[in-house]
Amino acid sequence: MTWDYVAGFIDGEGSIVKRKRVYNLLISQTQFEVLEEIRKFIGCGIVHALGRRKSHWKDAWLYNAGGGKNTYYILENVVDKLIVKKEVAVRVMGELKIRLKNLDSIKKLKVDRIKKAKLLREQKWSYRKIAKELKTDFGYVRRLIISEK
């Protein structure tokens, strides 16, 4: 299995779709084994049955990358090998890079808030006072502190 092979499948049988705010990479195929080998090679995603949509059609399977980071990881490895979907892949990678960077900063902010909230709570501050300090609501502060115990 190679990234060239995966790129060929994405170009021929794949789709890059956006649902709500999440991009996802999908590959449909009537051979489960092929999609399972692709999944094993990539190291992420799932393969699930689509079943027969019409009685005279074969059973079909769908590889689902799992969105966000997984989609970016795959596109990063195949973008130079794509032909048909190259333009879409480049655009999606640009959007995903910004989104993933924002998600990382949001996660860091949450970790920082948890540390500060716990420290202030240990100093006997009230949830309301901590919330005012962190510029958020006290219910959120309480959930931050409780969820990390």
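Lys124 sits in the loop between helix 4 (86–122) and helix 5 (127–134). In this predicted model, Lys124 has a positive phi of about 70°, although it is not a glycine. Most residues other than glycine have a negative phi. Lys124 is also exposed, with a relative accessible area of 75%.

A second lysine shows a like backbone feature. Lys20 lies in the loop between strand 1 and strand 2. Its phi is near 60°, again a positive value in a residue other than glycine. At 84% relative accessibility, Lys20 counts as exposed, because the cut-off for that label is over 50%.

Arg128 belongs to helix 5. With a relative accessibility of 57%, Arg128 counts as exposed. The table collects these residues.

| Residue | Place | Relative accessibility |
|---|---|---|
| Lys20 | loop between strand 1 and strand 2 | 84% |
| Lys124 | loop between helix 4 and helix 5 | 75% |
| Arg128 | helix 5 | 57% |

Arg128 also gives a sense of distance across the model. From Arg128 to Gly67 the C-alpha separation is 37 Å, and the two are 61 residues apart in sequence.

**Helix 5 and helix 6**

Helix 5 packs with helix 6 at an angle of about 100°. Their axes are 8 Å apart. The two helices are therefore roughly perpendicular to each other, since angles from 65 to 115 degrees earn that label. On the helix 5 side, the contact uses Tyr127, Arg128, Ile130, Ala131 and Leu134. On the helix 6 side, Phe138, Val141, Arg142 and Ile145 meet them. Arg128 is thus both exposed and part of this contact.

**The sheet**

Four strands make an open sheet in the order 1-2-4-3, with antiparallel pairing. Strand 1 and strand 3 (46–49) stand at the edges. Each has a single partner strand, so one side of each is left without a neighbour in the sheet. On average, neighbouring strands are turned by 30° against each other, direction ignored.

Helix 2 packs on this sheet and touches strand 2, strand 3 and strand 4. The direction of helix 2 makes about 10° with that of strand 4.

Now the pairings. Strand 1 (residues 14–19) and strand 2 run antiparallel and are joined by six bridges. Within this pair, Ile16 has Leu25 of strand 2 as its bridge partner. The two strands form a hairpin with two residues between them. Lys20, described above, is in that turn.

Strand 2 also pairs with strand 4 (residues 61–64), again antiparallel, through four bridges. Two of the bridge partners can be named here. Gln29 is matched with Trp61 of strand 4. Ser28 is matched with Leu62 of strand 4.

How enclosed is strand 2 (residues 22–29)? Six of its eight residues are buried, so strand 2 is largely enclosed by the rest of the structure. In a regular strand the side chains alternate between the two faces of the sheet.

**Helix 1 and helix 2**

Which residues of helix 1 (residues 3–13) are buried? They are Trp3, Val6, Ala7, Phe9, Ile10 and Asp11. These buried residues pack against strand 1, strand 2, helix 2 and helix 3 (68–78).

Two packed helices are described by the angle between their axes and the distance between the axes. The axes of helix 1 and helix 2 come within 11 Å and cross at roughly 130°. Helix 1 and helix 2 are therefore oblique to each other. Helix 1 passes helix 2 in a left-handed crossing. The contact is made by Trp3, Tyr5, Val6 and Phe9 of helix 1. From helix 2 come Val34, Ile38, Phe41 and Ile42. Trp3, Val6 and Phe9 are also among the buried residues of helix 1.

**Confidence**

The mean pLDDT of the protein is 88. A score of at least 70 is reached by 98% of the residues. Among the elements, helix 2 (residues 32–42) has the highest mean pLDDT, 95. Helix 6 (residues 138–147) has the lowest, 84. Helix 2 is the element that packs on the sheet, and helix 6 is the partner of helix 5 in the contact described above.

Key: Residues are numbered from 1 along each chain as its sequence is written. This is a predicted model: local features need pLDDT of at least 70, side-chain atom pairs count only at pLDDT 80 or more; totals for chains, interfaces and linings use all residues. Side-chain values use heavy atoms; hydrogens and water are left out. Buried means under 20% relative accessible area, exposed over 50%, partly exposed in between (1.4 Å probe, protein chains only). Two strands pair if DSSP finds at least two bridges between them. pLDDT is the predictor's confidence in each residue, from 0 to 100. Axes are lines fitted to C-alpha atoms, for helices over the stretch in contact, and angles run from 0 to 180 degrees between N-to-C directions. Contact means heavy atoms within 4.5 Å. Angles under 35 degrees count as roughly parallel, over 145 as roughly antiparallel, 65 to 115 as roughly perpendicular and the rest as oblique. A crossing is left-handed if the near helix is turned anticlockwise from the far one by less than a right angle, and right-handed if clockwise.
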